[in-house]
Amino acid sequence: MRSGNSLPALPHPTFRGRQFDHSRALRLAESRGETLDQVYDRNVNELLQELRVAFTGVQILFAFLLGLAFTQRFAELDAFDLAVYTVALLSTALATMVLIAPVSFHRIVFRRRQKAALVVVADRLLIVGLALLIPAISSAVLLILDVVLGRWQAVVGCSVTVLVGLLTWYALPLAIRYAGNGDAARPHQP
């Protein structure tokens with residue numbers, strides 16, 4: 001402990017007993033002329049904007065799926081369509097829960113100087129929430145196209161939806177991330 005009126009140093013935030021690594025955030029702060037707190041504040045704001053975009057879509061899909069069960073044609077669905085509906089509903093419900101989780105996390109750690117933990121956890125939850133949206137959207141497409149057009153057209157439409165989701169949400173960003181081509185202004189650093 002320090003003497004006088006000084007407060008003791010706050011411990012670094014931990015996750016499962018490990019300290020969060022601040023080295024990348026520190027390098028980024030130095031390169032942008034920001035403090036570590038400014039980097040984390042900006043990261044939280046960026047995550048919030050991304051969550052707003054994702055959550056608007058999941059809300060619309062969830063409302064549609066909840067209302068669908070109360071329509072007259074719902075009783076006409078066969079076992080396949082009911083199974084697809086169940087997958088769509090559950091994956092949308094799980095995506096909703098996971099995408100809302102950073103709000104609860106923020107409320108619980110609010111004013112505890114754990115913004116680094118919030119950024120790391122919210123980032124992971126957003127990635128998982130987006131991953132859950134791929135089966136949610138594609139199974140909703142499968143269900144609707146099966147009822148409207150037929151089974152084989154539904155399978156093709158669902159497959160295209162899954163492929164586009166995986167390519168644009170994961171394969172493309174990961175390819176650019178690992179290639180190091182995302183920032184043309186700076187040379188690649190190992």
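**Exercise 1.** Is Ser 91 buried or exposed in this predicted model?

*Solution.* Begin by placing the residue: Ser 91 lies in helix 3, which spans residues 79-109. Next, take its relative accessible area, which is 7%. Since buried means under 20% relative accessible area, Ser 91 is therefore classed as buried. Finally, look at its surroundings: leaving aside residues up to four places away in sequence, Ser 91 touches Leu 132, Pro 135, Ala 136 and Ser 139.

**Exercise 2.** Determine how helix 4 and helix 5 are oriented with respect to each other.

*Solution.* Two packed helices are described by the angle between their axes and the distance between the axes. Helix 4 covers residues 115-148 and helix 5 covers residues 151-179, and the two pack at an angle of about 160° with their axes 7 Å apart. Because angles over 145 degrees count as roughly antiparallel, helix 4 is roughly antiparallel to helix 5. The crossing in which helix 4 passes helix 5 is right-handed. As for composition, the residues of this contact comprise 16 nonpolar, five polar and two charged. Among the participants from helix 4 are Ile 127, Leu 130 and Asp 146, while those from helix 5 include Arg 151, Trp 169 and Tyr 170.

**Exercise 3.** Work out how Ile 127 should be classed by its accessibility.

*Solution.* Ile 127 is found in helix 4, and its relative accessible area is 40%. Partly exposed covers the range between the 20% and 50% limits, so Ile 127 is partly exposed. To relate this residue to another part of the chain, note that its C-alpha atom and that of Val 98, 29 residues apart along the chain, are separated by 9.4 Å.

Key. Residues are numbered from 1 along each chain as its sequence is written. This is a predicted model: local features need pLDDT of at least 70, side-chain atom pairs count only at pLDDT 80 or more; totals for chains, interfaces and linings use all residues. Side-chain values use heavy atoms; hydrogens and water are left out. Axes are lines fitted to C-alpha atoms, for helices over the stretch in contact, and angles run from 0 to 180 degrees between N-to-C directions. Helices (H or I, at least four residues) and strands (E, at least two) are DSSP runs, numbered from the N terminus. Angles under 35 degrees count as roughly parallel, over 145 as roughly antiparallel, 65 to 115 as roughly perpendicular and the rest as oblique. A crossing is left-handed if the near helix is turned anticlockwise from the far one by less than a right angle, and right-handed if clockwise. Contact means heavy atoms within 4.5 Å. Ala, Val, Leu, Ile, Met, Phe, Trp, Tyr, Cys and Pro count as nonpolar, Asp, Glu, Lys and Arg as charged, and the others, Gly among them, as polar. Buried means under 20% relative accessible area, exposed over 50%, partly exposed in between (1.4 Å probe, protein chains only).
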